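Colleague: Please choose one part of this model and examine it closely for a reader who is new to protein structure. I should like to learn what surrounds that part and how it fits into the rest of the chain.

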Amino acid sequence: MNSTTSTPAPLVGQDSESRRTRPSALGFDAAFAPERCRVAGARRMTTSQLRLWRVPESLTADVVVIVSELVTNAIQHGCGDIKLRVQCSVDRLLVEVSDQNSAPARMRPVHDEDTRGRGLHMVDQLAMQWGVSDDGLTTWAACGTPVETPR
């Protein structure tokens, strides 16, 4: 449903009024071993940060699912440590998950009886846009207008 492209989605800059009230982008990075138990920690970390940034609960829920699916894919199909980056600007929230496998993530056909393989389909439904970096090491997903201006 959402198009994929081969380069990371750039964070869009802010107008001068927004820049006075908030940095042009908020973000965090995390790196961890490729162990299934790390997925829950990535979800908790993301939820905490999005709440601090005042991201609406409905968008937070979607982003946490995206993080969970992308981290799970990196653990199952990647190699080496997993890197999670979440960046938030005035009009975009960007999730990037990297590993050391250069084979790009791709959606596969799924059937009703399949119990696996729906992760990227879910990301496709929840994100405005998603894709894979040219080198295949990073899968990213972008969501729209995430934060309100702090008072």
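Modeller: Two residues are said to be in contact when heavy atoms of one lie within 4.5 Å of heavy atoms of the other. The model is a predicted one, and among its contacts between residues at least 6 apart in sequence, 68% join residues at least 24 apart. The protein has four helices and six strands, which follow one another along the sequence in the pattern β-α-β-α-α-β-β-α-β-β. Of its 151 residues, 40% are buried. The part I have chosen is helix 3, which covers residues 57–77.

Let us begin with the partner that comes before it in the sequence. Helix 2, residues 38–52, packs against helix 3 at an angle of about 150 degrees, and the two axes are 9 Å apart. Because angles over 145 degrees count as roughly antiparallel, helix 2 is roughly antiparallel to helix 3. Their crossing is right-handed. On the side of helix 2, the contact is made by V39, A42, R43, T46, T47, L50 and R51. Helix 3 contributes E57, T60, V63, V64, V67, S68, V71, T72 and I75. Sorted by class, the residues of this contact are eight nonpolar, five polar and three charged.

One residue of helix 2 shows the contact in detail. R43, which belongs to helix 2, has a relative accessible area of 32% and is therefore partly exposed. Apart from its neighbours within four places in sequence, R43 touches V64 and S68, both of which are among the helix 3 residues of the contact. R43 is also 26 residues from E69 in sequence, while the C-alpha atoms of R43 and E69 are 10.0 Å apart in space.

Between the two helices lies a loop that holds R54. R54 has a positive phi of about 65 degrees although it is not a glycine. With a relative accessible area of 38%, R54 counts as partly exposed, because that value falls between the limits of 20% and 50%.

The second partner of helix 3 is helix 4, residues 119–126. Helix 3 and helix 4 also pack at an angle of about 150 degrees, with their axes 9 Å apart, which means that helix 3 is roughly antiparallel to helix 4. This crossing, however, is left-handed, whereas that of helix 2 and helix 3 is right-handed. Here helix 3 offers D62, V65, I66, E69, L70 and N73, and helix 4 offers G119, L120, M122, V123 and L126. The classes in this contact are seven nonpolar, two polar and two charged residues.

L120 of helix 4 also meets a residue from outside the helices. M107 sits in the loop between strand 4 and helix 4 and, apart from neighbours within four places in sequence, is in contact with L120, H121, D124 and W130. Its relative accessibility is 33%, so M107 is partly exposed. M107 and R118 are 11 residues apart in sequence and 8.1 Å apart from C-alpha to C-alpha.

L70 of helix 3, which takes part in the contact with helix 4, also leads us to a strand. It is one of the residues touched by T139, a member of strand 6, residues 138–144. T139 has 9% relative accessibility and therefore counts as buried. Beyond residues up to four places away in sequence, T139 also touches V95, E96, V97, A105, W130, G131 and V132.

The interior can now be considered. In soluble globular proteins, nonpolar side chains tend to be buried together. In this model the largest nonpolar core has 30 residues, and L84, L93 and V95 touch the most other members. Helix 3 gives this core its largest share, eight residues. At least two residues each come from several other elements, including helix 2, helix 4, strand 3 (82–88), strand 4 (92–98) and strand 6.

Helix 3 is not buried at every position, however. H77 lies in helix 3 and has 44% relative accessibility, so H77 counts as partly exposed. H77 and D99 are 22 residues apart in sequence, and their C-alpha atoms are 9.2 Å apart in space.

To summarise, helix 3 packs against helix 2 and against helix 4, and helix 3 supplies the largest share of the largest nonpolar core.

Definitions and conventions: Residues are numbered from 1 along each chain as its sequence is written. This is a predicted model: local features need pLDDT of at least 70, side-chain atom pairs count only at pLDDT 80 or more; totals for chains, interfaces and linings use all residues. Side-chain values use heavy atoms; hydrogens and water are left out. Axes are lines fitted to C-alpha atoms, for helices over the stretch in contact, and angles run from 0 to 180 degrees between N-to-C directions. Angles under 35 degrees count as roughly parallel, over 145 as roughly antiparallel, 65 to 115 as roughly perpendicular and the rest as oblique. A crossing is left-handed if the near helix is turned anticlockwise from the far one by less than a right angle, and right-handed if clockwise. Ala, Val, Leu, Ile, Met, Phe, Trp, Tyr, Cys and Pro count as nonpolar, Asp, Glu, Lys and Arg as charged, and the others, Gly among them, as polar. Buried means under 20% relative accessible area, exposed over 50%, partly exposed in between (1.4 Å probe, protein chains only). A nonpolar core is a set of buried Ala, Val, Leu, Ile, Met, Phe, Trp, Tyr and Cys residues joined through side-chain atoms within 4.5 Å.
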